[in-house]
Number of protein chains: 2
Amino acid sequence: MNEPTFLILTALAGEPRHGYAVIEDVERITGGRVRLRAGTLYAALDRLRGEGLIEVDREEIVQSRLRRYYRLTGAGEQRLGAESARLREQATIAERRLRARRTDFGGATA
Amino acid sequence: MNEPTFLILTALAGEPRHGYAVIEDVERITGGRVRLRAGTLYAALDRLRGEGLIEVDREEIVQSRLRRYYRLTGAGEQRLGAESARLREQATIAERRLRARRTDFGGATA
DNA sequence: CACTATATACCGACCGTCGGCATATGCGCT
DNA sequence: AGCGCATATGCCGACGGTCGGTATATAGTG
């Protein structure tokens, strides 16, 4: 799973959000580093809905503008949990190797 | 940075490795989940070399077959460290939100 | 009056990866 | 002897996901 997709699921794990609110939340949790493009977001939303990881929560009309809220499904929760575990493991391995480089000089690492 | 690229840098963070050894190491550290395609690997190696994140360590001929070893540069170390930190942060946020869902029912989360 | 923010949605372009193929040698099995 | 597998680098076309831009529409701010 790519980063934007992961971040979209994370945004929806907090609470049901509509598209634009997802863009804002992702920008917030990445410290401003990732600002999702509209094209990326809505394409991903459709795709994730097709995969059953998210679903439409409800629709609201605010100031004659549609807001379509999405929420994480049970499958989406499981998937996000699995992806999180994977990221954490990979980060741990990389950090262990980087640390070993700074300590011993030239030795191999597990 | 995408997952295969991250894993290639992680493989080279352990010790200098030639292409095929990178494929094997990535397979090992992902528990068999990721088996890099030759096309992916060598294209990524060229690209990372162009970005200055890795460089050729040495070349050996073993059984009349070439082995080109690559190693991480200083810039590569820094980059891998930054990416690891990013993965860890994102995993932490996702996990916190998933945990909150199982505890309170329907509340918003930071 | 123009610009920005809000909000959804489509489109072409691009990049990285996938999957397959080519090439070459040595090893183990039948 | 012949076949497949592992080793090893590398090219190629296809594909999927993201980018960047545009369209549409309304409300608020300078």
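A residue counts as near a strand if one of its heavy atoms lies within 4 Å of that strand. With that in hand, the DNA side of this predicted model can be walked through strand by strand, before turning to how the two protein chains meet.

Start with DNA strand C, which has 21 residues around it. Y20(A), R67(A), R68(A), R47(B) and R65(B) are the closest of these, so both protein chains are represented in that short list. Most of what the protein meets here is backbone of the DNA: sugar and phosphate make up 71% of the strand C atoms that come within 4 Å of the protein. Two neighbours in chain A show this nicely. The backbone of Y20(A) puts an N or O atom 2.7 Å from a phosphate oxygen of DNA strand C, and a polar backbone atom of G19(A) sits 3.2 Å from a phosphate oxygen of that strand. As for secondary structure, chain A gives two or more residues from each of α2 (19-29), α3 and β3 (65-72), while chain B does so from α1 and α3. The largest share comes from β3(A), with four residues. Sorted by class, the surface near DNA strand C holds five nonpolar, nine polar and seven charged residues.

Now for DNA strand D, with 20 residues around it. Here the nearest are R65(A), Y20(B), Y42(B), R67(B) and R68(B). Sugar or phosphate again takes up much of the contact, at 69% of the strand D atoms within 4 Å of the protein, and bases supply the rest. On the phosphate side, T5(A) brings a polar side-chain atom to 2.9 Å from a phosphate oxygen of DNA strand D. R37(A) has a side-chain N or O atom 3.4 Å from a phosphate oxygen of strand D. The surface near this strand takes at least two residues from each of α1 (3-14) and α3 (38-50) of chain A, and likewise from α2, α3 (38-50) and β3 (65-72) of chain B. Of these, β3(B) gives the most, four residues. The class breakdown is five nonpolar, eight polar and seven charged residues.

One arginine turns up at the bases of both strands. A polar side-chain atom of R65(A) lies 2.4 Å from a base oxygen of DNA strand D, and R65(A) also has a polar side-chain atom 3.2 Å from a base oxygen of DNA strand C.

On to the protein-protein interface. Chain B uses 36 residues to contact 36 residues of chain A, and the two chains bury about 3,100 Å² between them. Carbon and sulfur atoms account for 49% of that area. On the chain B side, R88(B), R97(B) and R101(B) lose the most area to chain A, together 22% of what that side buries.

Charge pairing shows up here too. Side chains of opposite charge can pair when their charged atoms come close. The interface between chain B and chain A has eight salt bridges, against a background of 34 over all chains in the whole structure. One of the interchain pairs joins R86(B) to E3(A), with the closest N and O atoms 2.9 Å apart. This pair runs from helix α4 of chain B to helix α1 of chain A. Another links D25(B) with R97(A), where the closest N and O atoms are also 2.9 Å apart. Looking at polar contacts between the two chains, the count comes to 16 residue pairs. The chain B side of the interface draws two or more residues from each of α1 (3-14), α2 (19-29) and α4 (74-103). Helix α4(B) provides the largest share, 17 residues. By class, that side of chain B has 15 nonpolar, ten polar and eleven charged residues.

How are the two protein copies arranged? Chain B superposes on chain A by a rotation of 180 degrees with 0.0 Å of shift along the axis, at an RMSD of 0.0 Å. That is the relation of a two-fold axis. The same surface serves both copies, and 100% of the contact residues of chain B recur in chain A.

Definitions and conventions:
Residues numbered from 1 in each chain as written. Chains lettered and ligands numbered in written order. Predicted model: local features only at pLDDT ≥ 70, side-chain atom pairs only at ≥ 80, totals over all residues. Heavy atoms only, no water. Contact = heavy atoms within 4.5 Å. Buried area = accessible area lost by both parts, 1.4 Å probe. Salt bridge = Lys/Arg side-chain N within 4 Å of Asp/Glu carboxyl O. Polar contact = N/O pair within 3.5 Å; in protein donor to acceptor, adjacent residues only side chain to side chain. Nonpolar A, V, L, I, M, F, W, Y, C, P; charged D, E, K, R; others polar. Least-squares fit on C-alpha atoms with pLDDT ≥ 70 in both.
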